[in-house]
Amino acid sequence: MPVPDPSSARARGLVVLLGVCWGLNWIAVRVALHEVRPWSLRCLGMGLGTLLLLAWAHARGLPLRIAPGRDRARLALAGVLNVAAFGVFAAFAQLAGSTSRVTMVTFTMPIWSVLFARVALGERLDAIRLVALGLAVAGLGVLIGPTAAAGSTAGMGWALLAAIAWAAGTVYLKGARIPGDPVAIAVWQLAAGFAAVALGAAIAEGAPAGWPRDAATWWAIAYHVLLGTALPYLVWFAIVARLPASSAALGTLLVPVVAVLGAVALLAERPTPADALGFALIFAAAAAVLLRPSPASPAPAGRVGEGAGAP
């Protein structure tokens, strides 16, 4: 009888922790947006998250240098897409729509990644991916149809833009094949995203509007920075170092489940039966892509935002 591997058991516990942290981060962001403007919230979260990750990497003695030239420019572009654009679009989506719907529409990002990889990298669309694409389209139709009829599609539109931005950045980074430590690649993407958002905040919002007054907002900001940004990336690196990519992807699949349940329990949202059907279709599509066996592909440890946990 094989003896259970304690390190593997701990890694699987980290998978659950990752899904919970990123899932509840959607709730924290929604609460913080009651008093903090979207660009400012993103600027705060990405800035402090970058500093914490840099401090952790320095304490561990990890190499953070990226060779000058095209690799740095490519890394910056990837950070703008799958950190800055994703984060800002997701924030505006939550301001304009319910968190549960926005989360599931955003979670179509693995499907967009498949389509972009087909066009940009020549990856084949096999039967599983085609089925996943069909499920995602059906799920989007179920979710967006009622909001379109009511004339309130802004939240869904921002969520789709967030999913597309994340997918474009992820596929671009995969094709760029930037050499370097995975932690360094993740940290500098987050730093590039922060720089882009700080510039956007200065242009779009100007000077800060003042300190939040509600204690719940401060708790939400603290969660967003510590448990929704910095900690999950560290947990992700620990997971992919110990488990196969398919097992690590289970943490990603937990994110929308935790986010939707959290929206119901903490934000008093009440999804309709049509919402539930749309959620199920998109979740099935994402699961088909994320859990599809691909032994030739390593776990994507260097891709910031894997799983869209930091909305």
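Gly157 lies in helix 7 (residues 154-176), where helices are DSSP runs of H or I with at least four residues, numbered from the N terminus. The model is predicted, so local features need pLDDT of at least 70 and side-chain atom pairs count only at pLDDT 80 or more, while totals for chains, interfaces and linings use all residues. Residues are numbered from 1 along each chain as its sequence is written, and side-chain values use heavy atoms, without hydrogens and water. Gly157 is partly exposed, at a relative accessible area of 30% (buried is under 20%, exposed over 50%, partly exposed in between, with a 1.4 Å probe and protein chains only). The C-alpha atoms of Gly157 and Phe92 are separated by 9.7 Å, with their positions 65 residues apart along the chain.

The axes of helix 3 and helix 7 come within 8 Å and cross at roughly 165 degrees. Axes are lines fitted to C-alpha atoms over the stretch in contact, and angles run from 0 to 180 degrees between N-to-C directions. Helix 3 is therefore roughly antiparallel to helix 7 (over 145 degrees; under 35 is roughly parallel, 65 to 115 roughly perpendicular, and the rest oblique). The contact of these helices, 3 and 7, has 22 nonpolar, 4 polar and 1 charged residues. Nonpolar covers Ala, Val, Leu, Ile, Met, Phe, Trp, Tyr, Cys and Pro, charged covers Asp, Glu, Lys and Arg, and the others, Gly among them, are polar.

Helix 3 (residues 70-96) also packs with helix 8 (residues 182-204), at an angle of about 60 degrees and with axes 7 Å apart. Helix 3 is thus oblique to helix 8.

Definitions and conventions. Helices (H or I, at least four residues) and strands (E, at least two) are DSSP runs, numbered from the N terminus.
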